[in-house]
Structures are given as C-alpha cells and as structure tokens.
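Subject: Structure for your review

Dear colleague,

Please find below the structure I promised to hand over. My notes on what was found in it follow directly after.

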Amino acid sequence: MSDYGSNGPGARGNAGWRDEGETFDPWRNPELFQGVLTKRVFAFLIDLVVLSIPVILAIVFITVFGVITLGLGWTLFWIVSPASVIWALIYYGASLGGPYSATLGMRAMGIEMATWTGEPGYFVLGAVHAFLFWLSVSMLTPLVLLVGLFNGRRRLLHDIVLGTVVINSMAVASQPARSY
C-alpha cells in the first residue's frame, strides 16, 4: 500500500502537494513527471501481457473443448471478443480504482493515476479511462503520445478529457508532508 494512506495520491493531509494553487504543479515538483511517458509505454506493454494471459488460456480451453466435443465446443469462440473487452474494463476499473490507483504495469513502473484534484481513482473512472485510451489509440495510432510531449504534466488526450494525471509514485512517497 502507498505511504499516503487512504487520502489518495499527493493528499498527505492536503499539505504535501496542494499549495494554494494547482495540485500537481510541474514547475514546483518536476520529479512527479520525469520519465512518465516512457514509463507509461512500458506499463502498457506489461498490462497487455497481463490482459492477454486469461484470453489465451480461454482460447486454449475452447480449442481443447472443441476437439473433445468433435467441433461443437468451437461455437464458444464468439464469446472470446466480448469477454476480452469486459475483462479489460474490469481489470482497468478495479486496478485504477483500487488502493494503489495503478494497474500492475503501472505499479511495476512506479507510476499511478490521480484525479486533477489529487484524489485517487475509482472503478468507473478507471474503466472509462481505459475505454477512452483504447478509442484514442485506435483512431490516432501512437500519435496520441505526442499530446504528452507538449504539456508539463505529460498528460495524454484521454487524461485531459477525464481530468486525470499520471505521476511518479516514488516521488509522492519520498516527499515529506509540510506543516503550516
């Protein structure tokens, strides 16, 4: 679990990152955003592996089941696509809405998602975040990453639309809480 408890990323009693201004200021705290885009790419690749393992196992099961039932079981292949989408939405919703506000890939890369105000994510936000990411990637291909190069918080298009930000977890955990 994160060092900041249940108040969410950067909250730390509303003193750590919230200074009478914007919650995640790239000028005051550049360490929050250093290398975030690169880490997001590798986190995405890790998450693809995590998402594909159950899908591959389901395909193997249906294949073997089809052989055993002399082809009758192969009619279950139609369910693989919708089940994959549902699985991905549940995975992203549960992990981005969970206590770490990060998928397994994001946790491995040391990044996490928060709302613009510094609150942790929740299930619906995580699922919609994933849906908008996949939609933007399918329409704009990898060019969607270019948006992150032109803003200080390294936010992508779907982050801007949803009001989320992805930050370095270690930078949040190592920052001492300020007392006023």
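Contact here means that heavy atoms lie within 4.5 Å. Among contacts in the protein chain between residues at least 6 apart in sequence, 69% join residues at least 24 apart. Please note that this is a predicted model.

Overall composition

The protein chain has 8 helices and 2 strands. Read from the N terminus, the order of these elements is α-α-α-α-β-α-α-α-β-α. The chain has 180 residues, of which 41% count as buried. Its accessible surface comes to about 9900 Å², and carbon and sulfur atoms account for 73% of that surface.

The strand pair

Strand 1 (residues 111-115) and strand 2 run antiparallel and are joined by 5 bridges. Within this pairing, Glu112 of the protein chain stands opposite Ile167 in strand 2. Strand 2 covers residues 164-168, and 5 of its 5 residues are buried, so this strand is largely enclosed by the rest of the structure. The cut-off behind that statement is a relative accessible area under 20%.

The nonpolar surface patch

On the surface there is a nonpolar patch of about 1200 Å². Its members are Val85, Leu89, Phe131, Leu135, Met139, Leu140, Leu143, Leu146, Leu149, Phe150, Leu157 and Val161. Four helices supply at least two residues each: helix 3 (80-96), helix 5 (123-140), helix 6 (146-149) and helix 7 (157-162). Helix 5 provides the largest share, with 4 residues. Leu135, one of the patch residues, is found in helix 5. Leu135 counts as partly exposed because its relative accessibility is 35%, and the range for that class lies between 20% and 50%.

A buried aspartate

Helix 7 also contains Asp159. With a relative accessible area of 0%, Asp159 is buried. Which side chain makes a polar contact with the side chain of Asp159? The partner is Arg40, at 2.5 Å. Leaving aside residues up to four places away in sequence, Asp159 touches Arg40, His129, Thr164 and Val166. Two of these neighbours, Thr164 and Val166, have numbers that fall within strand 2 (residues 164-168), while His129 falls within the span of helix 5 (123-140). Asp159 of helix 7 therefore touches residues of strand 2 and helix 5 by the contact criterion of heavy atoms within 4.5 Å.

I would be grateful if you could look through these points alongside the structure.

With kind regards

Notes:
Residues numbered from 1 in each chain as written. Predicted model: local features only at pLDDT ≥ 70, side-chain atom pairs only at ≥ 80, totals over all residues. Heavy atoms only, no water. Buried < 20%, exposed > 50% of the residue type's maximum accessible area, 1.4 Å probe, protein only. Pairing = 2+ DSSP bridges. Patch = residues over 30% accessible without salt bridge, like charges linked within 9 Å, V, L, I, M, F, W, Y side chains within 5 Å. Areas by Shrake-Rupley, 256 points an atom, 1.4 Å probe, with all protein chains shown as cover. Salt bridge = Lys/Arg side-chain N within 4 Å of Asp/Glu carboxyl O. Polar contact = N/O pair within 3.5 Å; in protein donor to acceptor, adjacent residues only side chain to side chain.
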